[in-house]
Amino acid sequence: MAGIGVKLNRIFEKKSVFTSLVGFTYSTIATVAPMVLVIANIILMGRVLGLNKTAYLDREVFFCTVLYIFIFALLTAAPFNAVLSKYMQDAIFEERYQDILPCYYLGLMFNIVFSCLLGIPFCLWEHFVGEVSVFYVFTGFCGYISLVLVFYSMLYLSICKDYQKISLYFLIGMVITFILSLVLRFLFRWETTINILFSLMVGFFFIAAMEFATVKRYFVKNSSRYKPVLKYFGKWWQLVAANFLYILGLYIHNFVFWTTDMRIVVVKSFVCNQPYDMATCIAMFTNISATVIFIARIEMYFHDKYRAYSEAVIGGKRADIDNAKRRMFRTIANELMSLVRIQFIISVVVYLLCIVLLPQYGFGGMVMRIYPCMAAGYFVLFLMYAAILFLYYYNDLAGAVLTTFSFCLVTFLGSVYATHLSEIWYGLGVLLGAFAGWTVAYARLRRVEKNLEKNTFCKWMLLKRGRGKMPSGVVYQKSDGTRKKKRERGIAGS
């Protein structure tokens, strides 16, 4: 998140309506613009190329393919990204820039291998059992791997504070996608669904290539030291667990409802639940501004307080440390409450607009009955995520794991229970899971505040631990010659 705070402070320092709009636009571009660009481009291509006029089965296969590409690209990247991010940040802090490329290459290999272990068996099933053409299946698989590479390289550019370049690359990639889809449709007469899928695959590949080139330009030297990266996975396994459980919790309720009678099975391969999945998507966009607001405010207000406390610990007096600590945690409380107030207003406005406008575009019936509870769940979910980030700040990885585990488990159990309720309560699992995670995260933050001095001054070892024979407990021992001289001096003195 570091890096955009300085620019935001420069934008907001004039304190006018125009600068507020500019600041909100900048923070939006730096955070959620890539996702918005992809979704907007898919909608635009569908309108221009007449996706709604294609056969129902072809349209459902396309939608399910895109849905699976995004979900499983995020899930397969989740176990590795947090640890690799930690290693890269430590290497940059210690100015070991030559160790960045080994981290990048090793993580890239892990990501691709893990993604292929899930993707290849499914693609084989889709072709041989679902009887989908080889070209369509292979195009979907290449799009899936390309998006995995995009998400992976985004991690390194985010740490390098290149948010604008990420958004620029997505813009270029989506422009290439759109132009290619027009060429394939009107010059080569490709069928609409395979045309859009192939164009998306090419666009994702170009984005991944541009991100890879940027990483290579930043980090030229390669130390070929891969073993320290592997050790980080053992040392910081809690980051692996926390990040994976959070991403899994985002989709586990969808997986539960994919097993109900409402599910749709497409070509004996894809399983989805259209009303529930659509309500989930709308609920997420209702509260997505919470990410923008939180990142902007934490960069503008909290980061300086955190740095002031760190500087006080290094060279300040006890009174300075206590004052900096109080200001820091007061800022945390204020930012969380500000996030609740601002996001509540935005969510209510967006909710009312969705209730009024979406039924006019065909999003009504069951989707709108599921949506209210789901929107409330995602409102609490983004607050929980903000609390998790604060836990990362204070290195409370056990608290992060406990939070995400509670969120994932309660979401799963609550969703199983919600399948037996009426449609209006289908989002209860997300609401209960997010509230459970938020409760745990808040309790851990209180615990961090209470034990901050202990963790800061008493947690780390002065001597490095190692294996081997324990040294003797004798610190100092006088020799016999020294004792004899002391006796002789005593006799001479007498």
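This is a short dialogue on reading helix packing and cavities in a predicted model.

User: What should I know about the model and its numbering before I start?

Analyst: The model is predicted, so local features need pLDDT of at least 70 and side-chain atom pairs count only at pLDDT 80 or more, while totals for chains, interfaces and linings use all residues. Residues are numbered from 1 along each chain as its sequence is written, and side-chain values use heavy atoms, with hydrogens and water left out.

User: At what angle do helix 15 and helix 16 pack?

Analyst: Helices (H or I, at least four residues) are DSSP runs numbered from the N terminus. An axis is a line fitted to C-alpha atoms over the stretch in contact, and angles run from 0 to 180 degrees between N-to-C directions. Here helix 15 (residues 397–418) and helix 16 (residues 428–450) pack at about 160 degrees, with axes 7 Å apart. That makes helix 15 roughly antiparallel to helix 16; angles over 145 degrees count as roughly antiparallel, and those under 35 as roughly parallel.

User: What is the handedness of this crossing?

Analyst: A crossing is right-handed if the near helix is turned clockwise from the far one by less than a right angle, and left-handed if anticlockwise. Helix 15 passes helix 16 in a right-handed crossing.

User: Which residues of helix 15 and helix 16 meet?

Analyst: Contact means heavy atoms within 4.5 Å. Helix 15 contributes residues including Gly-399, Ser-406 and Gly-414, and helix 16 residues including Gly-433, Gly-437 and Arg-444. By class, this contact of helix 15 with helix 16 has 13 nonpolar, nine polar and one charged residues. Ala, Val, Leu, Ile, Met, Phe, Trp, Tyr, Cys and Pro count as nonpolar, Asp, Glu, Lys and Arg as charged, and the others, Gly among them, as polar.

User: How are helix 3 and helix 7 arranged, parallel or antiparallel?

Analyst: Helix 3 (residues 33–49) and helix 7 (residues 163–186) pack at about 15 degrees, with axes 9 Å apart. That makes helix 3 roughly parallel to helix 7. Their crossing is right-handed. Among the residues in contact are Leu-37 and Met-45 of helix 3 and Phe-170 and Arg-185 of helix 7. The contact of helix 3 with helix 7 divides into 15 nonpolar, four polar and one charged residues.

User: How many cavities of 30 Å³ or more does the structure hold?

Analyst: Rolling a probe the size of a water molecule over the atoms shows where empty space is left. On a 1 Å grid over the protein atoms alone, a cavity is a set of points where a 1.4 Å probe fits but cannot get out; lining residues have an atom within 4 Å of a point. Grid points are joined across faces, edges and corners, and a volume is the space filled by probe spheres set on the points. The structure holds two such cavities of 30 Å³ or more, and the largest has about 50 Å³ of space.

User: Which residues line the largest cavity?

Analyst: Val-66, Ile-69, Gly-143, Leu-197, Leu-200, Met-201 and Phe-204 line the largest cavity. Helix 8 supplies the largest share of this lining, four residues. The lining has six nonpolar, one polar and no charged residues.

Terms used:
Helices (H or I, at least four residues) and strands (E, at least two) are DSSP runs, numbered from the N terminus. Angles under 35 degrees count as roughly parallel, over 145 as roughly antiparallel, 65 to 115 as roughly perpendicular and the rest as oblique. On a 1 Å grid over the protein atoms alone, a cavity is a set of points where a 1.4 Å probe fits but cannot get out, and a pocket is an open set with protein on both sides within 12 Å along at least five of seven lines; lining residues have an atom within 4 Å of a point.
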